[in-house]
Amino acid sequence: MAECRNFICDECKRVVDAWSDGNPYYIDSGGKKQYAYHPDHKRLDRCIGNDSPFLCLKCGSDFKNDSRFPTTECPDCGSGDICDTFHLDGQTCPYCKLGTFTYDPESFTVS
């Protein structure tokens with residue numbers, strides 16, 4: 001089961017949706033990533049990695065961080081100030097640079 005959280009900047013009101021399970025994947029016979037999601041357990045059983053959505057807290061770039069080849073830097077600006085989007089609560093908003101992301105408990109979703 002996956003959980004979705006919405007984080008809202010208390011200043012600019014920017015919303016970031018984040019899922020707890022990221023993007024689990026396996027490699028197909030052609031060498032390409034194939035994503036598998038709940039409730040497709042047959043494909044999930046083949047997964048060897050996970051692409052987790054990340055946000056650069058400096059430039060606002062969003063990117064996937066591969067669990068097999070993790071990065072500690074933003075691929076766009078090189079900053080080490082990155083965060084898994086599922087853990088944005090309390091982080092400074094990179095879009096307005098003034099506000100802080102807070103979890104919106106009213107927007108709880110489960111898949």
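Me: Which pattern does the protein chain follow when read along the sequence?
Reply: This is a predicted model, in which local features need pLDDT of at least 70 and side-chain atom pairs count only at pLDDT 80 or more, while totals for chains, interfaces and linings use all residues. Residues are numbered from 1 along each chain as its sequence is written, and side-chain values use heavy atoms, leaving out hydrogens and water. Helices (H or I, at least four residues) and strands (E, at least two) are DSSP runs numbered from the N terminus. In sequence order, the protein chain reads β-β-β-β-α-β-β-β-β-β.

Me: How many helices and strands are there in the protein chain, and what does its C-alpha trace span?
Reply: The protein chain contains one helix and nine strands. Along its principal axes, the C-alpha trace spans about 45 × 35 × 15 Å.

Me: What share of the residues in the protein chain is buried?
Reply: Buried means under 20% relative accessible area, exposed over 50%, and partly exposed in between (1.4 Å probe, protein chains only). Of the 111 residues in the protein chain, the buried share is 35%.

Me: How many disulfides does a search of the whole structure find, and why does Cys 96 not form one with Cys 9?
Reply: A disulfide is a pair of cysteine sulfur atoms within 2.5 Å. For partly exposed Cys 96, at 22% relative accessibility, the closest cysteine sulfur is that of Cys 9, and the two are too far apart for a bond because they sit 3.6 Å from each other. Cys 4 is buried at 6%, and its sulfur is 15 Å from the closest one, in Cys 83, so that is too far as well. The search of the whole structure therefore ends with a disulfide count of zero.

Me: Which strands each supply at least two residues of the largest nonpolar core?
Reply: A nonpolar core is a set of buried Ala, Val, Leu, Ile, Met, Phe, Trp, Tyr and Cys residues joined through side-chain atoms within 4.5 Å. The largest has 11 residues, including Phe 7, Cys 9, Val 16, Ala 18, Phe 86 and Phe 101. At least two of its residues come from each of β1 (3–9) and β2 (15–19).

Me: Which residues are among those of the other core?
Reply: This second core lies apart from the largest one and has five residues. Among them are Cys 56, Phe 63, Cys 74 and Ile 82.

Me: With which residues is Phe 86 in contact, leaving aside neighbours within four places in sequence?
Reply: Contact means heavy atoms within 4.5 Å. Phe 86 is a member of the largest nonpolar core. Its contacts, with those sequence neighbours left aside, are Glu 3, Arg 5, Phe 7, Ala 18, Trp 19 and Ser 20.

Me: Is Ser 52 buried or exposed?
Reply: Ser 52 has its place in strand β5 (residues 49–56). Beyond its neighbours within four places, Ser 52 touches Gly 22, Phe 63, Lys 64, Asn 65 and Asp 84. With a relative accessible area of 15%, Ser 52 is buried.

Me: What is the phi of Lys 13?
Reply: Most residues other than glycine have a negative phi. Lys 13 lies in the loop between β1 and β2 and counts as exposed, at 53% relative accessibility. Its phi is positive, near 70 degrees.

Me: Where is Lys 97, which has a positive phi of about 65 degrees, found?
Reply: Lys 97 has that positive phi although it is not a glycine. At 47% relative accessibility, Lys 97 counts as partly exposed. Lys 97 is found in the loop between β7 (82–84) and β8 (101–103).
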